[in-house]
Amino acid sequence: MNLPRKVTIIEVGPRDGFQNEHIFIPTDQKIRIIDALSETGLARMEATSFVHPKAIPNLADAADVMTRIRKKEGVLYEALIPNLKGAERALQAGVKNVKLVISVSEAHNKSNVNMSVADSLNNMEEIARLAKAHGMRITGGLAMVFGCPWEGKVPVSKIEAIIARLLEVGAEDISLGDTSGMGDPAYVSETLNHFVDLIEAGKLSLHFHNTRGTGLANVLAGMEAGVTMFDASIGGLGGCPFSPGATGNIATEDLVHMLQAMGIATGIDLPRLIEVAKTVQEVIGRPLPSSMVKAGPVPWSIRK
Ligand code: COA
Ligand code: ZN
């Protein structure tokens, strides 16, 4: 297998996970968890999103979270932004790194941000101008890249055009999301192969929901295609407790465990990360899908 020696993991639980919790997680608890995650060796984290508080009530405290977390040297903290209003709020809260989100599926983009893909892209230009004028770092985040429940397999040409546009407006890297967990390793390889001339693999990150159990296998396919950045959420947080079948991202500690057991460095202290996952479970008051919390690591995975 053609595998990297080192991988960067982007923790997205405080955004992708917390946004789906129906009971409000007190701001102090969110901050406590983010601060604990910062001490595990993680280099990058999506801490919150500046979306409409009616759309995502649990992240209504985005500004408070962003200003009060202890920002550890060397950790990149980012916030998700759906529109210009979100960018303005992020700017006010002193956010330095933004992830501009857009779905490659018309139906999903409409339900998510109430815009067509074309309108979202035009908006991105305006947001990017504002962000760059204030020295923000921009990431482009694409949702539904590996299958959409309403539109099936979105054509690669459409995905390519969106990536190209985001690079044009100044995105430094691009996250490809399997929002619906419909991807499989062959689908992932095939899709990534289309992008080799468009974007170097080192600028891509992959975001897998484990809805159908293919998340870690998809990571392997991503690494074989040269990708070295992967999103994951602590404990496997995510999915909607009131929507049967919806599932979170692959659990960060399960991903770290697999990689480190394989000899691929993550820079993360696994036992410490598992402790944070247990804390998250206590805070949200229900069991999480994490295999590490249930079974614990194999001894040879405990290395950085
Ligand atoms: N934060 C706070 N308020 C916002 C906002 C934001 N990011 N975007 C819009 N608003 C406010 C506007 O100021 C306006 O307020 P007003 O009525 O007091 O003037 C109102 O919401 C309506 O604005 P509009 O631009 O018409 O928004 P919309 O109703 O079309 O909603 C979104 C669009 C993007 C705000 C909303 O769909 C959203 O937040 N979606 C996020 C979904 C999400 O996070 N999904 C998961 C992550 S991928
Ligand atoms: Zn997601």
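In this predicted model, the zinc ion (ligand 2) is held by three residues: Asp16 through OD, and His207 and His209 each through NE2, with distances of 1.9 to 2.2 Å. Read along the chain, these donors follow the spacing D-x190-H-x1-H. Both histidines are tucked away from the surface. His207 has a relative accessible area of 6%, so it counts as buried, and His209, with a relative accessible area of 5%, is buried too.

Next comes the other ligand. Ligand 1 is surrounded by 15 residues, and the closest of them are His52, Asn83, Arg89, Asn112 and Asn114. Some of the polar pairs can be spelled out. At His52 it is the backbone that takes part: one of its N or O atoms lies 2.8 Å from an oxygen atom of ligand 1. At Asn83 it is the side chain, with a polar atom 2.8 Å from a nitrogen atom of ligand 1. Gly86 comes in through its backbone, where a polar atom is 3.4 Å from a nitrogen atom of the ligand. On its own, ligand 1 has 920 Å² of accessible area, and the protein covers 60% of that. As for where the ligand is placed, ligand 1 sits in the largest pocket. Two elements, helix 4 (84-92) and helix 5 (106-113), give two or more residues to the shell around ligand 1. Helix 4 gives the most, with three residues.

Asn114, one of the closest residues to ligand 1, is worth a second look for its backbone. Asn114 lies in the loop between helix 5 and helix 6 and has a positive phi of about 60°, although it is not a glycine. Most residues other than glycine have a negative phi. With the ligand left out of the count, Asn114 has 55% relative accessibility, and it counts as exposed because that is over 50%. Met144 also has a positive phi without being a glycine, in this case of about 65°. The loop that holds Met144 runs between strand 5 and helix 7 (156-168). Here the surroundings are another matter: Met144 has a relative accessible area of 4%, so it is buried.

Two further buried polar residues come with partners. Asn58 belongs to the loop between strand 2 (44-49) and helix 3 (62-68), and it is buried, with a relative accessible area of 3%. What does the side chain of Asn58 have within reach of its polar atoms? One partner is the backbone oxygen of Glu21, which lies 2.8 Å from a polar side-chain atom of Asn58. Another is the backbone oxygen of Phe18, at 3.5 Å from a polar atom of the Asn58 side chain. Lys30, in turn, is placed in helix 2 (residues 27-38). At 2% relative accessibility, Lys30 counts as buried, and its side chain makes a polar contact of 2.8 Å with the side chain of Asp61.

Met66 is found in helix 3. With a relative accessible area of 3%, Met66 is buried, since the cut-off is under 20%. Its C-alpha atom is separated by 11 Å from that of Leu91, and the two residues are 25 apart along the chain.

A couple of residues toward the outside round off the picture. His134 is in the loop between helix 6 (117-133) and strand 5 (137-143). Buried, exposed or partly exposed: where does His134 fall? At a relative accessible area of 46%, His134 is partly exposed, because that value lies between 20% and 50%. From His134 to Ala265, 131 residues apart along the chain, the separation of the C-alpha atoms is 34 Å. Trp300 is found in the segment after helix 12 (291-295) and is exposed, with a relative accessible area of 55%. The C-alpha atoms of Trp300 and Ser111 are separated by 45 Å, and these two residues are 189 apart along the chain.

Methods: Residues are numbered from 1 along each chain as its sequence is written. Chains are lettered from A and ligands numbered from 1 in the order in which they are written. This is a predicted model: local features need pLDDT of at least 70, side-chain atom pairs count only at pLDDT 80 or more; totals for chains, interfaces and linings use all residues. Side-chain values use heavy atoms; hydrogens and water are left out. Donors are N, O and S atoms within 2.8 Å of the metal (3.2 Å for Na, K and Ca); water is not among the atoms, so sites may look incomplete. Buried means under 20% relative accessible area, exposed over 50%, partly exposed in between (1.4 Å probe, protein chains only). A residue is near a molecule or strand if one of its heavy atoms lies within 4 Å of it. A polar contact is a pair of N or O atoms within 3.5 Å; within protein, one must be able to donate a hydrogen and the other to accept it, and residues adjacent in sequence count only if both atoms are side-chain atoms. Accessible areas come from the Shrake-Rupley method with a 1.4 Å probe; for residues, only the protein chains shown count as cover. On a 1 Å grid over the protein atoms alone, a cavity is a set of points where a 1.4 Å probe fits but cannot get out, and a pocket is an open set with protein on both sides within 12 Å along at least five of seven lines; lining residues have an atom within 4 Å of a point. A molecule sits in a cavity or pocket if more than half of its atoms lie within 2 Å of its grid points. Helices (H or I, at least four residues) and strands (E, at least two) are DSSP runs, numbered from the N terminus.
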